[in-house]
There are 2 protein chains.
Amino acid sequence: MNKITIHEVGPRDGLQVEKQTVPTDLKIKWIQQLISSGIDIIQVGSFVHPEKVPQMADTDRLFAHFSQSENRPERTRLSGLVLNERGLDRGLACGVEFFCMGVSASDTYSRKNTGMSTSEATDRIIDIAKRATEAAKAVQVSVQNAFGCSYEGAIPESSVMRIIDRYLNAGLKRISLADTAGHAHPQRVERLFTAAMKLDLSVEYACHFHETYGLGLANCYAAMEAGVTSIECSFAGLGGSPSAKVKSGNVCTEDVVHLLHKMELRTDVSLDSIVAIAREAETFFGRELPGILHKIPVA
Amino acid sequence: MNKITIHEVGPRDGLQVEKQTVPTDLKIKWIQQLISSGIDIIQVGSFVHPEKVPQMADTDRLFAHFSQSENRPERTRLSGLVLNERGLDRGLACGVEFFCMGVSASDTYSRKNTGMSTSEATDRIIDIAKRATEAAKAVQVSVQNAFGCSYEGAIPESSVMRIIDRYLNAGLKRISLADTAGHAHPQRVERLFTAAMKLDLSVEYACHFHETYGLGLANCYAAMEAGVTSIECSFAGLGGSPSAKVKSGNVCTEDVVHLLHKMELRTDVSLDSIVAIAREAETFFGRELPGILHKIPVA
């Protein structure tokens, strides 16, 4: 099996839904611990309006901190999510080297969230991606709702392929397919990534799953089987809606690392360090968080 | 993909670890509901000493009840677990038509649990299986600890193959590989079942997983990919050690059925009925049970 890249999205996708804002100093501590654990990419935050998502208000400050030579990680890359031109400007100004951005394969979802159709949103994202590429930054583009949508239900494979095609034509070769609403199942995952892979074998595919129906790890395995080389995950399984009775967090980083270790992959990444961060997060939020490995008592 | 058989082991493997004994009438009600849901095989109980496992003391009575013509299920088969000759005698006396029995691939585990080495235990189980076969009963033999052991750690593939070989030589063609202690991961599952399948393509393989590290469903998917046609699972994810802080229950029936439905398999089985039983079980035991689907509010 291929070398697998771990893309920790907890500080962004995990924390953005939490009501209790994590102080910048604690975020820095957690990100430093994630860096020490040997994770490859860490999504530090997103460039949204601070009043809309107060939890992400310190994104620029976090990047500025980690851009200083004494704080800059040696191997780990730090990614930032941008939604629009203004976000890209902010990201470029504070030293982001790896930009993530995307569109929804569901037209309804796209209109509700961006006021644009999927096709219009794709034009716009490709423009932003080109600007980031011209500024010599790494770019990952994503297809959200690639496996289904809460509004539209099943999303046809052709809708996903159309967006991927447009990305490929724009020379964008780092692509993430995201199961925004928990519709994915391993067979569909294997089928979609296998089909996508056939379009261009040089593309680096990432997967982004939630644990809504307990299929997150099964989906990651199926994605790896299909040739996906990057897994997006969140420490302690943070993410989704914390108030929902149902688990809906991102696939949990320490559970993914445990699976990889079982497969004799990424044994360079410290499971213990990530478990320690997950436990700190549990203490901070004062509730049980969804991941599994961090609940297993130390032997 | 093949037609998948669902083998519900909740009434046996799920309940046997519970301190609070489920009254016979309630067991009958749950088993009837499981029958109505369209499940293929239900493991009603095990023939152990009633003082050793009081929860299983009514196994003979349950079989006697369901052997009466007015209670006998039309399509569903009822299985019983036997550990020894005495258990087989009891099972034959109360009308069991489908016998399950097995040995541990771990010599240490086998000695601790049966006082016999794996090899001696295999001799004995094959004798019992032959007697059941001669009595025209269906038999499923299993290899416990097929993926690892709490005492011995990793179990070599060759130890598992040796037992399967002996089963095949005895003409036993319904074989279950069980991950007794939660050591399995999907890659190993796929490898082991693929290797086993090569020995004799006419064997019907079953899988038995626990959710210890959140890999239960991933393991089921990998097993199906390798050609396994029967999944052992437990409603509400009952099983394992209920007092453990860590999930360790059997892979959860309603979560498996949800996965199968996503794959457009076994849409004849009613997810709603199984969810209803899982919720009743949660009310009965007065605590949150491990499965996922039964916690998702009805839309």
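This is a guided tour of a predicted model, chain by chain and then residue by residue. Residues are numbered from 1 along each chain as its sequence is written, and chains are lettered from A in the order in which they are written. In this predicted model, local features need pLDDT of at least 70, side-chain atom pairs count only at pLDDT 80 or more, and totals for chains, interfaces and linings use all residues.

**The two chains**

Two copies of a chain are related by a rotation about an axis and a shift along it. Select chain A and chain B: a rotation of 180° with a shift of 0.0 Å along its axis places chain A on chain B, with an RMSD of 0.0 Å (a least-squares fit on the C-alpha atoms of residues with pLDDT of at least 70 in both). That is the relation of a two-fold axis.

Next, select A:Ala218, whose C-alpha lies 1.9 Å from the rotation axis, the closest of the residues of chain A. Of the interface residues of chain A, 100% are also interface residues in chain B, so the copies meet through the same surface (residues are in contact if their C-beta atoms, placed from the backbone, lie within 7 Å).

**Two residues with positive phi**

Most residues other than glycine have a negative phi. Which loop holds B:Asn145? Select B:Asn145 in chain B, in the loop between strand E5 (138-144) and helix H7 (157-169); helices (H or I, at least four residues) and strands (E, at least two) are DSSP runs, numbered from the N terminus. The phi of B:Asn145 is positive, near 55°.

Is B:Asn145 buried or exposed? B:Asn145 is buried, with 28 other C-beta atoms within 10 Å (buried means 20 or more such atoms within 10 Å, exposed 12 or fewer, partly exposed in between, with C-beta atoms placed from the backbone).

Finally, select B:Glu264, in the loop between helix H10 (253-262) and helix H11 (271-285) of chain B. The phi of B:Glu264 is positive, near 60°, and B:Glu264 counts as exposed, with 9 C-beta neighbours inside 10 Å.

Conventions: Contact = placed C-beta atoms within 7 Å.
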